[in-house]
Each structure stands twice: as structure tokens, then as C-alpha cells.
Amino acid sequence: MASLTISRIRAPTTLWRSTLQFMFGLVILSIHLTSRTALAKKDHLKVITDGNWEEILEGEWMIEFFAPWCPACQQLQPVWNEFAEWGEDMGVNIAKVDVTEQPGLSGRFIITALPTIYHCKDGVFRRYQGARTKNDFLSFVDEKKWQEIEPVSSWFGPSSFLMNTMSALFKLSMFIRHCHNYLTEQIGIPVWGSYAIFALATLFSGLALGLILVFIADCVFPSRRFASPSYYQKKQALKQAQMMKQLEVEHEADAEEEDEEEEEEEEREREELWRRGVPEGRPEPRTVDLQEETLRRRVVGTPEEEEDT
């Protein structure tokens with residue numbers, strides 16, 4: 001009788017345990033299927049970073065640049081996720097870029113407003129300016145409306161040298177910002193102290209860069225004084241030659257001045273003797289001057305002849 005009672009008690013207990021196990025299995029299965037579905041949906045929307053951004057240079061892409069704190073980006077996100085589900089059927093890759101996590105891409109694409117959407121076809125980029133609904137996105141890709149938009153110039157393309165430089169500058173600015181936050185928040189340095197540290201670092205880095213550039217210039221274009229061992233000798237010889245030439249010119253000028261002074265002195269002495277009546281002091285007749293005067297009168301004529309005519 002006791003064994004019959006125990007068996008009656010065990011039967012409902014076993015049934016209850018099996019029911020609980022079955023319900024627990026259903027819950028686990030539903031959670032697993034839900035997670036797989038969510039992961040499958042997330043796979044449609046690709047995430048672009050500084051490490052894999054070159055993938056967008058091949059094929060057709062629609063890329064959204066957003067920030068988590070942007071209200072307009074938050075409103076667009078559900079629509080963009082729905083649009084991403086159609087990407088595989090249309091042969092278009094749908095991607096997104098978080099500019100707060102990828103400052104290099106923000107500078108590479110010159111993102112000045114959020115959200116910003118780009119269309120890329122085999123490395124040719126166009127900025128989307130239309131309405132931001134799922135149907136508009138679908139028609140933009142399906143009807144190839146992107147062909148009506150002028151592409152971004154190659155000078156400002158994300159793979160150009162200019163945009164690579166912009167990307168490096170944006171990364172540097174973000175690195176400096178992180179360093180500033182670390183110094184002020186983690187270490188406890190005042191804000192003015194952090195600014196002073198960055199000012200000194202900028203000064204010393206500029207000096208180091210200048211020394212490196214000077215060293216490179218000396219290596220690539222060495223100075224002539226180092227290229228020729230007799231540079232100083234040639235320079236000294238050239239200076240001596242210039243000094244000798246200058247001395248010769250000055251000596252000749254002094255000699256000419258002395259000759260002129262002697263001639264003037266002799267002329268004065270002759271005039272003085274002529275005034276005293278000494279024949280030696282009489283000046284020589286200027287035959288050459290008389291001949292020139294006669295010739296001039298024959299050609300031009302005297303003033304009396306001009307008056308008679």
C-alpha cells in the first residue's frame with residue numbers, strides 16, 4: 001500500500017519535471033533563433049574603419065557617416081538598417097562609419113555635417129543629397145540616379161595625397177585630445193599645465209624637425225666648401241687678386257692726377273714767364289685750333305654773312 005502511494009506521488013513529479021525541461025528547451029531555442037536572426041540582420045550593415053576602408057574602392061557602396069550623439073543620425077538609423085536588408089538583393093554594399101571612432105575617415109571624406117551619405121561605384125564617389133527614406137534610397141540605386149550627380153574630384157578623392165594628409169591631421173588631433181583628457185582627468189594636471197606641455201612639445205618637435213631637414217639638405221646638396229679641400233685657398237687667392245686689382249686702379253688714378261697737376265703747374269709757370277716778357281714763356285700757337293675754326297667758318301659761315309643774306 002505504501003509502495004503504491006509512493007508511485008502515485010512520483011508520477012506527477014516526473015511529468016512536471018519533463019514539462020519544465022521541455023519549456024526550458026523551447027526558451028533556449030527561441031533565444032538562439034532570435035540571436036541568429038539579429039546577427040543575420042546586423043551582417044547586412046557593414047562597419048567601415050581606418051583598417052578596411054579600402055574595400056569600398058571596389059564594387060558599389062552606400063556609406064553613412066554618423067555620430068551616436070547626433071539626433072538626426074538616430075532618426076535615420078532604423079531607415080538605414082531597413083535599407084541594408086535590401087542591399088544583398090540589389091548587389092549593393094551598405095555600410096556605416098562612426099566618425100567619433102574613426103576620425104581619420106572623417107578627415108579623409110571631409111565630413112562637415114551629420115549624417116552624410118556617399119555613393120561609391122568602383123572608386124568614384126558621389127555625395128547623396130536626396131530624401132532620406134528607404135524608398136528613396138532604393139530608387140537612387142535601382143534607377144541609377146547617382147549618374148546625374150557630379151563625382152568628387154580626384155584631387156579630393158579619399159585615396160589622394162591631399163586627403164591622406166587630412167586623415168593624418170585628424171588622427172593627430174584626436175590623439176592630442178586623448179592625451180589632453182588623460183593628463184587632466186587621470187593624472188590631475190591643470191588645463192593650463194596641459195597646454196604648456198603641448199606648447200613645449202610643439203617647440204621641441206619643430207626644432208628637431210628643422211635639424212633633420214638641415215641634415216638631409218646637407219647630405220643631398222653638400223656645400224662647396226666641403227666638396228673642395230682647397231676652397232679656402234681659392235677664396236683667399238680670389239680676395240688677394242681683387243685687392244691687387246683695386247690697388248692698381250687706385251695707383252693709376254693717383255698717377256693720372258699727379259700728371260695733370262704737373263701739367264697744370266707747368267702751364268701756370270709758362271703763363272707767368274710770358275707775362276714777364278720772357279720768350280720761353282710764350283705759349284705755342286694753337287695751329288690745330290685755328291684750322292678747326294677755319295673749317296667751322298667755311299661750313300657754318302660767319303655771323304656777318306648770315307646777316308647779309
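The paragraphs below lead from the whole chain to a few of its helices, strands and side chains.

The model shown here is predicted, and its secondary structure comes to 11 helices and five strands. Of the 309 residues of the protein, 20% count as buried. The accessible surface comes to about 24000 Å², and 59% of that surface belongs to carbon and sulfur atoms. If one takes the contacts between residues at least 6 apart in sequence, 64% of them join residues at least 24 apart.

A helix makes a convenient place to begin. Helix H6, which covers residues 161–187, has 27 residues and reaches 38 Å from its first C-alpha to its last, a span close to the 39 Å expected at 1.5 Å a residue. The buried residues of this helix are Met163, Ser167, Met174, His180 and Leu183, and these buried residues pack against two other helices, H4 (103–108) and H7 (191–220). Just after H6 comes glycine 188, which takes a positive phi of about 90°.

Beyond H7, attention can turn to the surface. Phenylalanine 221 lies in the loop between H7 and helix H8, the latter formed by residues 224–227. Because its relative accessibility is 66%, and exposed means over 50%, phenylalanine 221 counts as exposed. This residue also takes part in a nonpolar surface patch of about 770 Å², which is made by Leu209, Ile212, Leu213, Phe215, Ile216, Val220 and Phe221.

The strands offer a second kind of element to follow. Strand E4 (residues 116–121) and strand E5 (residues 124–127) run antiparallel and are joined by four bridges. Within this pairing, cysteine 120 stands opposite phenylalanine 125 of E5. The hairpin of E4 and E5 has two residues between the strands, and in this hairpin aspartate 122 takes a positive phi near 55°.

Strand E4 also leads to the charged side chains, for a search of the whole structure finds two salt bridges. In one of them, the side chains of lysine 121 and glutamate 60 meet at 4.0 Å, N to O. This pair links distant parts of the chain, since lysine 121 belongs to strand E4 and glutamate 60 to strand E2 (residues 60–66), and the two stand 61 residues apart. Lysine 121 is partly exposed, with a relative accessible area of 29%, whereas glutamate 60, at 12% relative accessibility, counts as buried. The cut-off for buried is under 20%, so the value of 12% places glutamate 60 in that class.

The other salt bridge is formed by lysine 145 with glutamate 143, and here the closest N and O atoms are 3.7 Å apart. In this pair lysine 145 is partly exposed, with a relative accessible area of 35%, while glutamate 143 is exposed, with a relative accessible area of 53%.

A last stop is glutamine 77, whose place is in helix H2, residues 71–85. At 17% relative accessibility, glutamine 77 counts as buried. When its neighbours within four places in sequence are left aside, glutamine 77 is in contact with Leu45, Glu64, Phe66 and Lys96. Strand E2, the strand of glutamate 60, covers residues 60–66, and two of the contacts of glutamine 77, Glu64 and Phe66, can therefore be looked for in that strand.

Notes: Residues are numbered from 1 along each chain as its sequence is written. This is a predicted model: local features need pLDDT of at least 70, side-chain atom pairs count only at pLDDT 80 or more; totals for chains, interfaces and linings use all residues. Side-chain values use heavy atoms; hydrogens and water are left out. The expected span of a helix is 1.5 Å times one less than its number of residues. Buried means under 20% relative accessible area, exposed over 50%, partly exposed in between (1.4 Å probe, protein chains only). Contact means heavy atoms within 4.5 Å. Two strands pair if DSSP finds at least two bridges between them. Patches are made of residues with over 30% relative accessible area and no salt bridge: like charges are joined within 9 Å, nonpolar side chains (Val, Leu, Ile, Met, Phe, Trp, Tyr) within 5 Å. Accessible areas come from the Shrake-Rupley method with a 1.4 Å probe; for residues, only the protein chains shown count as cover.
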